[in-house]
Amino acid sequence: MSDPAPATPSTDADLMFLLSWSNHALASEMAANLADLGISPRAHCVLHEARHGELTQTQIATAIGLDKTTMVVLTDRLEKDGLAERTPSPSDRRVKILTLTDKGRRLLRRSQEVVDRTHRDVLESLPAELRAPFVEALTLLVGGRLSTFAPSEQPPRRRSARR
């Protein structure tokens, strides 16, 4: 007796490899492009999320997928560099809101220009008709099927460029 055909045919493309490689390549390019400003991609993400001055460190960490320890280290560095400060929440004095300083806002404007230029450069390497569908597909995956991390006894290590 032969094995039954799989319910879903296998894909020819290794999705894990493709997403991992493209993530690493983009992260490396972004780190290199932001280096002249003296900011890491993670620090840029924290400043970007904190720009309205309404979110706690925990809320920012959750929004950008950082663990608590990494967020504290990044926030300490942003404060030390005069880019952000922790202010008490008006609704709960035990909670700290991360707010940008004027220096932090100026750096965020400059770093956002670099991020936008890098994204544009990457997308322009695709045929024009594939750019919007590509971003839409990734957005749907990250907002849906790949929006949470599956529990695992040995979760994959998330790499980052060291500052």
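Asp 102 and Arg 105 sit three residues apart in helix α5, about one turn of the helix. Their side chains form a salt bridge, with the closest N and O atoms 2.6 Å apart. Arg 105 is partly exposed, at a relative accessible area of 34%. Elsewhere, salt bridges with shared partners join Asp 76, Glu 79 and Arg 86 into one network. This is a predicted model.

**Confidence and layout**

The mean pLDDT of the protein is 89. Of its residues, 89% reach 70 or more. Among the elements, helix α5 (residues 102-123) has the highest mean pLDDT, 97. Helix α3 (residues 57-64) has the lowest, 92.

The protein has six helices and two strands. From the N terminus on, the order is α-α-α-α-β-β-α-α. The chain has 163 residues, and 21% of them are buried. The exposed area is about 12,400 Å². Carbon and sulfur atoms supply 56% of that area. Take the contacts between residues at least 6 apart in sequence: 51% of them join residues at least 24 apart.

**Salt bridges**

Side chains of opposite charge can pair when their charged atoms come close. A search of the whole structure finds five salt bridges. Three of the pairs, among them the one in helix α5, are set out here.

| Pair | Closest N to O distance |
|---|---|
| Asp 76 and Arg 86 | 2.7 Å |
| Arg 77 and Asp 81 | 3.0 Å |
| Asp 102 and Arg 105 | 2.6 Å |

Which elements does the pair of Asp 76 and Arg 86 link? Asp 76 lies in helix α4 (residues 68-80), and Arg 86 in strand β1 (residues 84-88). The two residues are ten apart, and the pair links distant parts of the chain.

Are these two side chains buried or exposed, or in between? Asp 76 has a relative accessibility of 38%, so it counts as partly exposed. Arg 86 is also partly exposed, at 24%. The cut-off for buried is under 20%. Arg 77, which pairs with Asp 81, is partly exposed too, with a relative accessible area of 36%.

**The strand pair and its loop**

Strands β1 and β2 run antiparallel, and five bridges join them. One of the paired positions is Pro 88, whose bridge partner in β2 is Lys 96. How many of the five residues of β2 are buried? Four are, so β2 is largely enclosed by the rest of the structure.

Ser 89 is in the loop between β1 and β2 (96-100). Ser 89 is buried, with a relative accessible area of 6%. Its side chain makes a polar contact of 3.1 Å with the side chain of Ser 91. Leaving out residues up to four places away in sequence, Ser 89 touches Val 95 and Ile 97.

**Gln 57 and its contacts**

Gln 57 belongs to helix α3. Its relative accessible area is 15%, so it counts as buried. What does Gln 57 touch, apart from its neighbours within four places in sequence? The contacts are Met 71, Val 72, Thr 75, Arg 86 and Lys 96. Two of these residues appear above in other roles. Arg 86 is the salt-bridge partner of Asp 76. Lys 96 is the bridge partner of Pro 88.

**Helix α1 and a long-range contact**

Leu 26 lies in helix α1 (residues 15-35). Leu 26 is partly exposed, with a relative accessible area of 30%. Leaving out residues up to four places away in sequence, Leu 26 touches Thr 118 and Val 122. How far apart are Leu 26 and Thr 118 in sequence and in space? They are 92 residues apart in sequence. In space, their C-alpha atoms are 8.5 Å apart.

**Points to check in the viewer**

Start with Arg 86 in strand β1. Its side chain meets that of Asp 76, and Gln 57 is in contact with it. Then turn to Ser 89 in the loop, with its polar contact to Ser 91. Finish with Leu 26 in helix α1 and its contacts with Thr 118 and Val 122.

Methods: Residues numbered from 1 in each chain as written. Predicted model: local features only at pLDDT ≥ 70, side-chain atom pairs only at ≥ 80, totals over all residues. Heavy atoms only, no water. pLDDT = per-residue confidence, 0-100. Salt bridge = Lys/Arg side-chain N within 4 Å of Asp/Glu carboxyl O. Buried < 20%, exposed > 50% of the residue type's maximum accessible area, 1.4 Å probe, protein only. Polar contact = N/O pair within 3.5 Å; in protein donor to acceptor, adjacent residues only side chain to side chain. Contact = heavy atoms within 4.5 Å. Pairing = 2+ DSSP bridges. Areas by Shrake-Rupley, 256 points an atom, 1.4 Å probe, with all protein chains shown as cover.
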